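Student: Could you walk me through reading some features of a protein model?
Tutor: Sure, let's look at it together.

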Amino acid sequence: MTAKISYADVEVGTELPAQTFTVTRATLVQYAGASGDFNPIHWNEKFAVEVGLPDVIAHGMFTMAEAIRVVTDWAGDPAAVVEYGVRFTKPVVVPNAEKGATIEVSAKVAAKLDDNTVRVDLTATSEGQKVLGMSRAVVRLA
């Protein structure tokens, strides 16, 4: 696969379609099974509160993975992402409710680079709080 977006068709400031992702306790248990990260702060409310957290929190790497979906969906090829990094700024708190929590992600092209690549800056929030900082991806376009 290759990116479906042409480098020539993208300008600095181009906004990618924003997305909202739902996270439930069931989602966290599924992610724990896939990742092997069974830290109880991600599924045991009593334990999470005892260690000073407000409630169960989503895995940081899960939050990071959900956010980059905005970029991979836009580019049309996950392999088009050649670099990706974030700073974890706040946890995504996942209450024990059917609706769970949401992660809202927006992104825009911040720079056109060499070799048909662009830098995309992402913003990820949950409950009005920024949960990822310095979230940036370099994407190779067609």
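What follows is a short talk about one helix, a surface patch and some salt bridges.

Tutor: Before we start, keep in mind that this is a predicted model.

Student: Okay. How far apart should the end C-alpha atoms of helix H3 be, and what does the model give?

Tutor: Use the rise per residue. At 1.5 Å a residue, the 16 residues of H3 (residues 60–75) should span 22 Å, and the end C-alpha atoms are 23 Å apart, which agrees.

Student: Where does H3 bend?

Tutor: At Arg69, by about 30 degrees. Just after the helix, Gly76 takes a positive phi of about 85 degrees.

Student: Which residues of H3 are buried, and what covers them?

Tutor: The buried ones include Phe62, Met64, Ile68, Val71 and Trp74. Their cover includes helix H1 (25–35) along with strands S1 (15–23), S2 (81–88), S3 (101–112), S4 (117–126) and S5 (129–140).

Student: Let's turn to the surface. Which residues make the nonpolar patch?

Tutor: Val29, Phe38 and Trp43 make it, with an area of about 320 Å². Val29 sits in helix H1 and is partly exposed, at a relative accessible area of 47%.

Student: Now salt bridges. How many does a search of the whole structure find?

Tutor: Seven. The idea is to look for a side-chain nitrogen of Lys or Arg within 4 Å of a carboxyl oxygen of Asp or Glu. Take Arg25 and Glu45, whose side chains meet at 3.4 Å, N to O. That pair links distant parts of the chain, with Arg25 in helix H1 and Glu45 in helix H2 (residues 45–50), 20 residues apart.

Student: Is Arg25 buried or exposed?

Tutor: Buried, because its relative accessible area is 14% and the cut-off is under 20%. Glu45 is partly exposed, at 35%. Arg25 also touches residues including Trp43, Asp55, Val94 and Pro95.

Student: What about a salt bridge inside one helix?

Tutor: Start with the general geometry. An α-helix has 3.6 residues a turn, so residues three or four places apart point the same way. Here, Lys46 and Glu50 both lie in helix H2, four residues apart, and their closest N and O atoms are 2.6 Å apart. Lys46 counts as exposed at 59% relative accessibility, and Glu50 is exposed at 55%.

Student: Which strands does the Asp121 and Arg136 pair link?

Tutor: First the contact: this salt bridge has its closest N and O atoms 3.6 Å apart. The pair links distant parts of the chain, Asp121 in strand S4 and Arg136 in strand S5, 15 residues apart. Asp121 is partly exposed at 22%, and Arg136 is partly exposed at 34%.

Conventions:
Residues are numbered from 1 along each chain as its sequence is written. This is a predicted model: local features need pLDDT of at least 70, side-chain atom pairs count only at pLDDT 80 or more; totals for chains, interfaces and linings use all residues. Side-chain values use heavy atoms; hydrogens and water are left out. Helices (H or I, at least four residues) and strands (E, at least two) are DSSP runs, numbered from the N terminus. The expected span of a helix is 1.5 Å times one less than its number of residues. The bend at a residue is the angle between axes fitted to the seven residues ending there and the seven starting there. Buried means under 20% relative accessible area, exposed over 50%, partly exposed in between (1.4 Å probe, protein chains only). Contact means heavy atoms within 4.5 Å. Patches are made of residues with over 30% relative accessible area and no salt bridge: like charges are joined within 9 Å, nonpolar side chains (Val, Leu, Ile, Met, Phe, Trp, Tyr) within 5 Å. Accessible areas come from the Shrake-Rupley method with a 1.4 Å probe; for residues, only the protein chains shown count as cover.
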